[in-house]
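User: Hi! I've got a new model to go through and would love a hand. Could you walk me through it?
Analyst: Happy to, let's take a look.

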Amino acid sequence: MERIIWNPATDPDTGGDGENRLHIGQALVDAGLVTKEQVDAALERQRRQPYFILGQFISFLYRIPSKTIDTVYLRSMVFPVLAPEVMRRLEQVVQRDRFARQMVPRSFIRQVEIIPQSYEVMLIESRDYGPPTESPESPVEERGVKRYVLSQGHVEVHLHLNTHSDDGSPLMVKGIVQFRHDSVSRTLIVAEDEDQLKTALYYELRNIFNKLGG
């Protein structure tokens with residue numbers, strides 16, 4: 001997957017909740033994998049057979065590998081909210097750090113570069129159902145085929161926080177950050193262990209801030 005650049009100065013609210021949030025059907029259309037009409041057809045099937053998520057119907061109906069759908073999901077729906085969430089978490093750490101000297105990460109972090117390293121879907125709950133049937137009117141038969149209902153994606157990324165020195169020359173903080181994303185609730189949790197976030201990014205970022213004189 002490609003590198004992703006986020007600029008907090010020009011796009012501070014990317015990925016917020018609400019109607020502007022991208023959905024997987026539209027993301028797959030934007031990626032050129034399906035048409036809007038195909039997504040609508042899959043949604044209609046899902047309404048009749050709600051035991052499966054939309055991505056599973058699209059994969060089954062149009063022979064699109066689930067890994068391809070996961071890649072689009074990650075690139076289009078998860079990574080856009082990662083950088084703002086990392087920034088929010090760093091600001092939370094600042095509030096609890098009496099040595100931070102009023103550090104405001106957004107004030108001197110010029111750019112966040114996200115370089116994906118790994119992505120793994122972890123099964124949270126599964127149920128036994130048959131595969132989606134060819135006929136929308138046919139009942140779902142329990143045939144011992146597992147389909148995931150809830151899943152979480154565990155992702156590891158390299159984050160480059162691009163800042164600047166007191167003479168204007170660029171500085172960079174590099175760190176590896178892990179996070180998980182619940183595909184149903186769309187909750188993104190960055191570095192659940194705060195010490196991991198501190199070690200990966202925060203301490204070095206604070207040192208740079210202190211050298212700049214706060």
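User: Let's start simple: how many helices and strands does the secondary structure of the protein come to?
Analyst: There are six helices and five strands. Those are DSSP runs numbered from the N terminus, with H or I and at least four residues for helices, and E and at least two for strands. Before we go on, this is a predicted model, so local features need pLDDT of at least 70 and side-chain atom pairs count only at pLDDT 80 or more, while totals for chains, interfaces and linings use all residues. Residues are numbered from 1 along each chain as its sequence is written, and side-chain values use heavy atoms, leaving out hydrogens and water.

User: Good to know. In what order do the elements run from the N terminus?
Analyst: The order is β-α-α-α-α-α-β-β-β-β-α.

User: And what share of the 214 residues is buried?
Analyst: Buried residues account for 40% of the 214. Buried means under 20% relative accessible area, exposed means over 50%, and partly exposed is in between, using a 1.4 Å probe and protein chains only.

User: How much area does the protein expose, and what do carbon and sulfur supply?
Analyst: About 11900 Å² is exposed, with carbon and sulfur atoms supplying 48% of it. The areas come from the Shrake-Rupley method with a 1.4 Å probe, and for residues only the protein chains shown count as cover.

User: Switching to helix H3, which of its residues are buried?
Analyst: In H3, residues 54-62, the buried ones are Leu54, Gly55, Gln56, Phe57, Ile58 and Ser59.

User: What about Arg63, what phi does it take?
Analyst: Its phi is near 55°, a positive value in a residue other than glycine. Arg63 sits in the loop between H3 and helix H4 (66-95).

User: Is Arg63 buried or exposed?
Analyst: Arg63 counts as exposed, at 63% relative accessibility.

User: Over to strand S3: where is Asn162, and which residues does it contact?
Analyst: Asn162 is in S3, residues 145-164, and is buried at 12% relative accessible area. Setting aside neighbours within four places in sequence, Asn162 contacts Phe108, Ile109, Arg110, Gln111, Leu171 and Met172. Contact means heavy atoms within 4.5 Å.

User: And His160, buried or exposed?
Analyst: His160, which also lies in S3, is buried, with a relative accessible area of 12%. Again leaving out neighbours within four places, its contacts are Gln111, Val112, Glu113, Ile115, Met172, Val173 and Lys174.
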